[in-house]
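Please find below a colleague's note on the structure, arranged as numbered points. The comments follow the order in which the features are best read alongside the model.

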Amino acid sequence: MQDPETGALARQVGEMPQRKEITLTGRTPRWRLQTQLLALLLAFGVIPLAGVIIGGYTVTRRAMISQADSALQELGRRQAGYLQTELRRERLLLRTITGPLATTAGRLQPGEIAQVLESSLPDDGVFDGLRLIGSRGNIVADVALRSTAPHWPDRAPVFAWASRPRHVVLHQDSGRTVAYILAAPVQMDGETLWLEGHVRADDFARLFDMPVHFMGGAEFGIFGPGGETVVVSHAHATDALKHLTEGPLPDSLHLARATIGGIPSLTFTAPLPEVGWILGAALPLDLVLTPVQQLRNAAILAGLILILVIVFAAQWAARLVTTPLRELSSAAARFGESGIYPAVEHPGVAETAALVASFRRMATSLAQSHEQIQTLHAQEMERAQQLATVGELASGVAHEVRNPLTGVLGALEVAMRRLPPQDTALPMLSEAQAQLRRIEVTTTRLLEYARPPDMRQMLVDVQGLVDRAVRVVETKARKADVTLQVRPSFTW
């Protein structure tokens with residue numbers, strides 16, 4: 001029999017929450033939180049920035065090249081117009097000089113003609129020399145308007161002005177252009193003479209208003225119809241620009257891309273049809289793209305700085321989360337081993353602080369439950385020890401009672417066999433024997449309860465066991481209007 005106190009304790013222990021093994025399934029994360037946070041920040045920060053830099057650089061580069069094309073085209077058009085205007089002015093000036101000669105040449109001697117020519121122009125004029133060529137190529141008059149003598153060709157007829165509609169030629173010496181010469185016809189005594197004006201190469205840049213480097217480093221040059229160099233903005237620009245004159249003379253201003261001296265450049269060529277010359281220029285793309293390249297470099301530097309900021313921010317943000325998580329993990333491990341956990345010193349952000357607080361509440365609750373379980377376990381063990389002691393005493397008492405009881409039963413049996421059947425004491429002895437056997441059965445059961453039974457296998461008639469169970473409950477089932485049906489689910 002179990003007393004009420006023991007039964008209540010057993011129920012209390014049985015109602016306590018049992019320990020369960022929880023298995024977390026799913027993929028094991030391969031990246032740490034810090035790495036994942038850094039990757040996300042880089043993805044959402046650097047990739048859009050890189051797209052903006054690349055897209056902005058591409059669009060700005062195209063816009064600046066387009067603007068440079070427009071500026072170069074406008075510059076070439078204006079410079080070509082200025083050059084042609086200057087050459088027309090020089091021609092007009094030469095024709096102005098021929099006027100007095102045509103009216104007075106028949107009454108003047110060659111020396112007087114030279115005086116007229118010398119007095120026609122100031123010292124700072126366009127021409128540094130004038131001469132009058134006869135129809136047979138003879139030099140009628142020759143004057144130098146400056147201290148430096150003009151570089152006239154050795155033979156005047158070499159020009160054959162009547163066959164040259166443009167009336168302008170380049171004079172070269174040892175492959176170098178030293179001057180260009182303009183000519184205007186003069187009618188004197190029914191004979192056509194030619195007045196030549198000499199413009200030396202040293203005055204080209206001044207007359208054509210050509211800077212040494214225009215448009216921030218572009219090379220500029222004027223070339224004759226045969227590729228002869230008239231004038232260039234810089235000495236090294238001759239070889240760089242000379243290939244622009246190859247091929248036929250362009251009909252109008254032409255823009256192109258070309259590699260000048262190994263440098264990608266924007267180029268233009270513009271014809272000067274009145275003299276048969278070509279105006280050419282090349283603008284290196286690096287000069288055009290210098291601002292956008294500086295902007296690109298600044299953007300790249302800003303991107304690198306942003307990456308460093310993101311890395312440090314990711315480190316800092318990750319530590320706000322990972323540091324309390326590591327401390328929490330260590331505390332949980334210590335708590336699982338010893339039931340005591342250290343305090344988490346870095347609560348981190350609000351979410352991790354809430355997690356730490358939840359862990360503390362859980363640990364406190366588990367500690368209290370563990371303490372209660374230990375108390376109940378100690379009480380149960382003490383009660384079990386008491387019950388074990390009682391069981392041992394009961395077993396000893398039963399054993400001590402059983403031994404003399406066996407002797408008494410044996411004596412009664414012998415006495416009952418010796419008495420005659422008609423003896424009046426025989427019924428009393430029979431009743432005493434029955435009571436003694438009852439005591440023997442009780443002591444035997446007590447000993448069997450105190451001694452754990454031996455487990456053994458045995459064959460059981462399942463069908464008979466079920467039939468007996470049905471017979472036991474059949475009467476109650478019938479009263480409750482319940483129909484019992486037995487359906488074997490197996491066959492022997």
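1. The model is a predicted one. A convenient place to begin is the hairpin of β9 and β10, where four residues lie between the strands and G276 adopts a positive phi near 75°. The two strands are antiparallel, and eight bridges pair β9 with strand β10, which covers residues 277–284. Within this pairing, A270 is found opposite L279 of β10.

2. On its other hairpin, β9 is joined to strand β8 (residues 254–260) by seven bridges, again in the antiparallel sense. In this pairing A256 faces T267 of β9. The hairpin of β8 and β9 has two residues between the strands, and G261 has a positive phi near 65° there.

3. How many of the residues of strand β9 are buried? Eight of the 10 residues in β9 (263–272) are buried, and the strand is accordingly described as mostly covered. Strand β9 thus pairs with β8 and with β10. As background, side chains in a regular strand alternate between the two faces of the sheet.

4. A positive phi also occurs at a residue other than glycine: D481 has a value of about 55°. This residue belongs to the segment that comes after α10 (462–479). Is D481 buried or exposed? D481 counts as exposed because its relative accessible area is 70%, and the cut-off for that class is over 50%.

5. The salt bridges deserve a separate point, and their count comes to eight. Three of those described here involve helix α2, which spans residues 33–104. One of them links R77 to E74, with 3.1 Å between the closest N and O atoms. Both residues sit in helix α2, three residues apart, or about one turn of the helix. R77 is partly exposed because its relative accessible area is 44%, and E74 is likewise classed as partly exposed because its value is 33%.

6. E74 also makes a salt bridge with R78, at 2.8 Å from N to O. Why are E74 and R78 separated by about one helical turn? They are so separated because they stand four residues apart in helix α2. R78 counts as exposed because its relative accessibility is 60%.

7. Further along helix α2, the side chains of R89 and E86 form a salt bridge, the N to O distance being 2.8 Å. R89 and E86 are three residues apart in this helix, about one turn. Their surroundings may be read from their accessibility: E86 is buried because its relative accessibility is 7%, where the cut-off is under 20%, whereas R89 is partly exposed because its value is 42%. Elsewhere in the helix, E74, R77 and R78 are joined into one network by salt bridges that share partners.

8. The last point concerns the surface. Which residues make the nonpolar surface patch of about 340 Å²? The patch is made by L301, I305, L306 and V309. Of these, L306 is located in helix α7, which runs over residues 290–338. L306 is classed as partly exposed because its relative accessible area is 30%.

Methods
Residues numbered from 1 in each chain as written. Predicted model: local features only at pLDDT ≥ 70, side-chain atom pairs only at ≥ 80, totals over all residues. Heavy atoms only, no water. Patch = residues over 30% accessible without salt bridge, like charges linked within 9 Å, V, L, I, M, F, W, Y side chains within 5 Å. Areas by Shrake-Rupley, 256 points an atom, 1.4 Å probe, with all protein chains shown as cover. Salt bridge = Lys/Arg side-chain N within 4 Å of Asp/Glu carboxyl O. Buried < 20%, exposed > 50% of the residue type's maximum accessible area, 1.4 Å probe, protein only. Pairing = 2+ DSSP bridges.
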